[in-house]
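Here is a friendly walk through a two-chain protein model, from a sheet to the domains and on to the interface. Have the structure open beside you as you read.

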Amino acid sequence: MSENTIHNNDYAVIGKSVPRIDGREKVTGAAKYTGDLKFPNMLYGKILTSPHAHARILSIDTSEAEKLAGVKAVITHKDVPSLKYGISPARWDENIFCIDKVRFVGDKVAAVACIDEETCYKALKLIKVEYEVLPAVLDPLTAMDEGQPLVHEEYERNINTEIHQEFGDMENAFKNAHHIRKDRFVGQRTYQSPIEPHSAISMWQDGKLTIYSSTQSPHYFQYYIAREFGMKMGDVRILKTYVGGGFGGKLEPTGLEFAGAVLAKNTGRPVKMFYDRAEMFAHNRGRHAQYMEITSAVDKDGKILGCHTNFIMDGGAYTSLGIASAYYAGALLPLTYEFDNYKFDMFRVYTNLPACGAQRGHGAPQPKYAFECHLDEIARDLNIDPLEIRIRNARRPNTVTPNDFGINSCEIKSCLERAGAMSGWAEKKGKLPKGRGIGVATGSFVSGAGYPIYRTNLPHASAMIKVHEDGTAATLYTGAVDIGQGSDTVLSQMAAEAMGFVYEQMKIVAADTETTPHDFGAYASRQTLMSGAAVKQAGEEVKRQLLDMAASMLQRPVYDLDVKAGEIFSISDSSVSLSFSDAAREFFVRRGPLVGKGSYTPPKLGGKFKGAAVGTSPAYSFCAQVSEVQIDEETGVIDVLDVWDVHDCGMVINPGLLHGQVHGALFMGLGESIWEQVLFDDKGKIVNANLAEYRLPTALDMPKVHSGLIDSYEPAGPWGVKEVGEGSTNPTMGCFANAIYDAMGVRINSLPLTYEKVWRALKEKREKEQAQK
Amino acid sequence: MYTPDFDYYAPQTVQEVCSLLTQFGSKAKILSGGTDLMVKLKHGTIDYEVLISLKELNELKGITYQEGKGVVVGARTTHNDLVNSDILNEKYLSISEAAHHMAGNQIRNIGTIGGNIVNAVPSADLPPIFIALGAIVTILGPEGERTVPLEDFFTGPGKTVLAQNEIVTYITIPDQPTTGSNYIKFGLRRSGALAVVGVASSVTMEGNIIKDARIALGAVAPVPMRAKNAEAALIGKEYTDELLEQAGVAASQECSPISDIRGSAEYRRDMVRVFTKRSLKASITKGHSGEHLETEHGK
């Protein structure tokens, strides 16, 4: 049977909105997060951070802090390895504690372990650090100028990453263009703002380090911690508890694990470290602000002939995941629309501000905002309907992008058409009352990165299933990380489907480097496809062994047997049946544990040029969004009324969770579009590091969301799956900006699209019209 | 963050409160809800050795109508008590609506009107509507009771006419012939946002003529302020949309907003114009129920 016909089969477990495996625990409050855990003799730890954006450390005096009752340890750079770490091996530029100078307000200087939280705060105040304040680099646009202070002495002109890529024949494309347009847009710094603060509890036993952590990747933590302390990976155990959201901000070491590990070792006691909300903002690793210039050449029908993107991104003080962010910013742009000629220039610069990293959609959403606005402007120049220009340029399946990404399934054209139909585009466009507008944009994203973050030949995912000895349950052991998105549920569904078992009797042990097999974790929207592929293989191995046992028990050939939803049956004789449980129990009695295992390594992907690996993926999701907004002409208030989102994400394992991802992504996209922005004073200190002034949307701000799906099948994914979690963040900002333009005839060229910006644009438009009269 | 140590008193009588305040002086602070106080204590931005809770003073809790006096609101009345009060819902729904738009439900359950007023935050939501309705504050001190119009109560951000050993006990809305009243909070999201501009108004109509009008503005001056020029532009005139626009312009000129992370002074000033106009229109046409609970920003 080919995969394509399987796809159309009636599945027993997948394709169904089964309840979340952790739902009851979470809604009753029984679920334990790292911050809820307590261990005997546990100490509390806090990190002292820099009050200056850029300063030389002259001296650190911890003696007063050490004298305070209840203080068990105080550590500085002298007490920890000086080996630099980071998450991108190309630029390891962080120390556990600053040695010579601090580089942003919030940079880590020292840490304490105390008998309680209160003593920690008191002890931090007693650490005396003498600083020589240095001029700070706060503006990314001038950071590269000659004579600017250097954030890191070894990086000239504060250039952290520089990218210059060119594909096809740009000169020819622009020479033959019917129309060329250049636009400039500015993105803003946003922060992931997971509800659960980062925390880590570290403890030692006989030279083995165990850390409970709110992390998106136990594997990378294990790797980097072992590396930092010169330990064997086998002597480092990282366990994830329940995680209250990550969105990219919990992928890399936070500093809490390093400091906590040393404090725990020095005191011989478990140490719980955590960030409060303001410290989370200071640690940051949120979305980079990008300054984006886009120039496109099009023919008379609006078909894109070539495109040049020229970006600068504010990286903050450290690299974090920023090299990938920088590449992603340009590399993912040619996914949704087909064109052959593409040039991408990027500078990621260091500034004395908190480091930026990966946030849902990684580097892609801001460039997508810019490009979708730019495309609407081109459509207007050529008098083409915005939906139509996108359909004309929409990528087709089985194509290759100019930067060598192979696209298998791609239903973006259908997504656009469906979103148009659902939203009533044809009836609304140009016909809505004043103040009301409709906009469209598209998105796409990788279903897992083609290459891991550091160089290794490890499989990307692996899984193990053990059927319980009496056959009544099965436990999936996976390194995949559920951070709220529902991977534990989806992977359990996949395991049950592959085994022919039932979801209700699935148990799961996940994201513990000691008990579960390796997996790179929750980032780059990889787990449904990659972890799922490993789980499917493990389930099929169980099924094979089970049917072999059943064949022996039933005295029938194995090819005549199959198993579905916990029942073994004969293909030729419907009177024959045997339960999964009975066969599994018998298997254990006769042959020992019934275990299946699987692993997944993506095929070799991508081209040969520098940076070719970033953005490669076995499969890409696609989507189209249409939104309708109402603008209050006098105040600039933006009321997003409805959003129609149509996705091509391959086979859907759990439609309920999928639509939840679309809603969640839209919530974040809405916040980034209209409200969210990390703001600084002129000394580089965040002025809104709290949830009152960093305005995430509330339930009342959410529009009506209409989430639709296009039937599609991805040959590279198990059962034809692709991602949904991040691609759905991509279109939103551009979609709203285009709807605002449609409503009011003003183009907001910078994010967020605040009420005041809309008000000002309308005011300036009125004044201009007055002047022309 | 941690809650620092302090001595805690929960006196049984208001007189006891005043004597404790006299005894401890500036080391003591009244605790009435604590939604702002406890946060600041935890953040270490303020420091008090003694907190005096009003929680035993049940006589300060609740809303009554007293013949000849008006609606009397005890200082310990919570925001949700204002939201759910039958008396206010009937007489001044505008107050219930203003309270409904404050903060989140958890805060509304515990925060009190006394705390909201005494805290004297320029962007507070309750002062404008109470000022527009001519509310009187009753203050108790060791020397006895005194009353002050709410509009004269504030002296600066975080500052009021209260002496160190005085407390607010009641806020009274006197009986009045007003036709309608209304408060529009303009925040940057639909819930849980501080007011960028708050505009309250009350209007007394005689036929089509505006006989009297009071306009109170929040978040656009160091203290909640009356927009008296705007009021003067209205009184005695026939109600038209153009007239309300003129009042809005006057109000925008007499306020003194600052620029901060929530909005520029220029934007705030123009929003005062817009929302003064909209608040007045609602007061004139919709009685004391602004009805803007259901719609956006008074539109």
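Two strands count as paired if DSSP finds at least two bridges between them. This is a predicted model, and a good place to begin is a sheet in chain A.

**A sheet and the helix across it**

With that rule in mind, three strands of chain A form an open sheet in the order β22-β23-β24, with antiparallel pairing. Because β22 (561–564) and β24 (577–579) of chain A each have a single partner strand, they stand at the edges, and one side of each is left without a neighbour in the sheet. From one strand to the next, the twist averages 25 degrees.

Look next at strand β23 (residues 567–570) of chain A, which is joined to β24(A) by three bridges, the two strands running antiparallel. To find your way in the pairing, start from A:E567: its bridge partner in β24(A) is A:S579. What lies across β22, β23 and β24 of chain A? That is helix α15 (residues 527–554) of chain A, which runs at about 125 degrees to β22(A).

**How the chains divide**

Both chains are split into domains, and some of those in chain A are built from separate stretches of sequence, as the table shows.

| Chain | Domain 1 | Domain 2 | Domain 3 |
|---|---|---|---|
| Chain A | residues 3–31 + 460–600 | residues 34–134 + 197–243 + 250–283 | residues 362–451 + 616–772 |
| Chain B | residues 7–53 | residues 59–173 | residues 180–285 |

In chain B, the C-alpha centres of domain 1 and domain 3 lie 35 Å apart. In chain A, the C-alpha centres of domain 2 and domain 3 lie 38 Å apart.

Domain 2 and domain 3 of chain A do touch: six residues of domain 2 are in contact with 10 residues of domain 3. Between them these two domains of chain A bury about 560 Å², and carbon and sulfur atoms give 78% of that area. On the side of domain 2 of chain A, the residues that lose the most area to domain 3 are A:V105, A:R277 and A:F281, together 79% of what that side buries. How many salt bridges cross the interface of domain 2 and domain 3 of chain A? The rule finds zero, and the number of residue pairs in polar contact there (both at pLDDT 80 or more) is likewise zero.

**Where chain A meets chain B**

Turn now to the two chains together. Here 29 residues of chain A are in contact with 29 residues of chain B. The chains bury about 2400 Å² between them, with 49% of it on carbon and sulfur atoms.

Across the interface of chain A and chain B the rule finds eight salt bridges. One to look up joins the side chains of A:E693 and B:R262, at 2.4 Å from N to O. Between chain A and chain B there are also 16 residue pairs in polar contact (both at pLDDT 80 or more). On the side of chain A that touches chain B, α4 (117–126) and α19 (755–772) of chain A each supply at least two residues.

**Two backbone details**

Two loops of chain A are worth a visit before you finish. A:P752 lies in the loop between α18 (732–744) and α19 of chain A, and a cis peptide bond joins A:L751 to A:P752, with omega at about -10 degrees. A:S193 lies in the loop between β8 (179–186) and β9 (199–205) of chain A. Phi of A:S193 is near 50 degrees, a positive value in a residue other than glycine.

Note on methods
Residues numbered from 1 in each chain as written. Chains lettered and ligands numbered in written order. Predicted model: local features only at pLDDT ≥ 70, side-chain atom pairs only at ≥ 80, totals over all residues. Heavy atoms only, no water. Helix = DSSP H or I, 4+ residues; strand = E, 2+ residues; numbered from the N terminus. Axes fitted to C-alpha atoms, helices over the stretch in contact; angles between N-to-C directions. Contact = heavy atoms within 4.5 Å. Domains from an automatic or database assignment. Buried area = accessible area lost by both parts, 1.4 Å probe. Salt bridge = Lys/Arg side-chain N within 4 Å of Asp/Glu carboxyl O. Polar contact = N/O pair within 3.5 Å; in protein donor to acceptor, adjacent residues only side chain to side chain.
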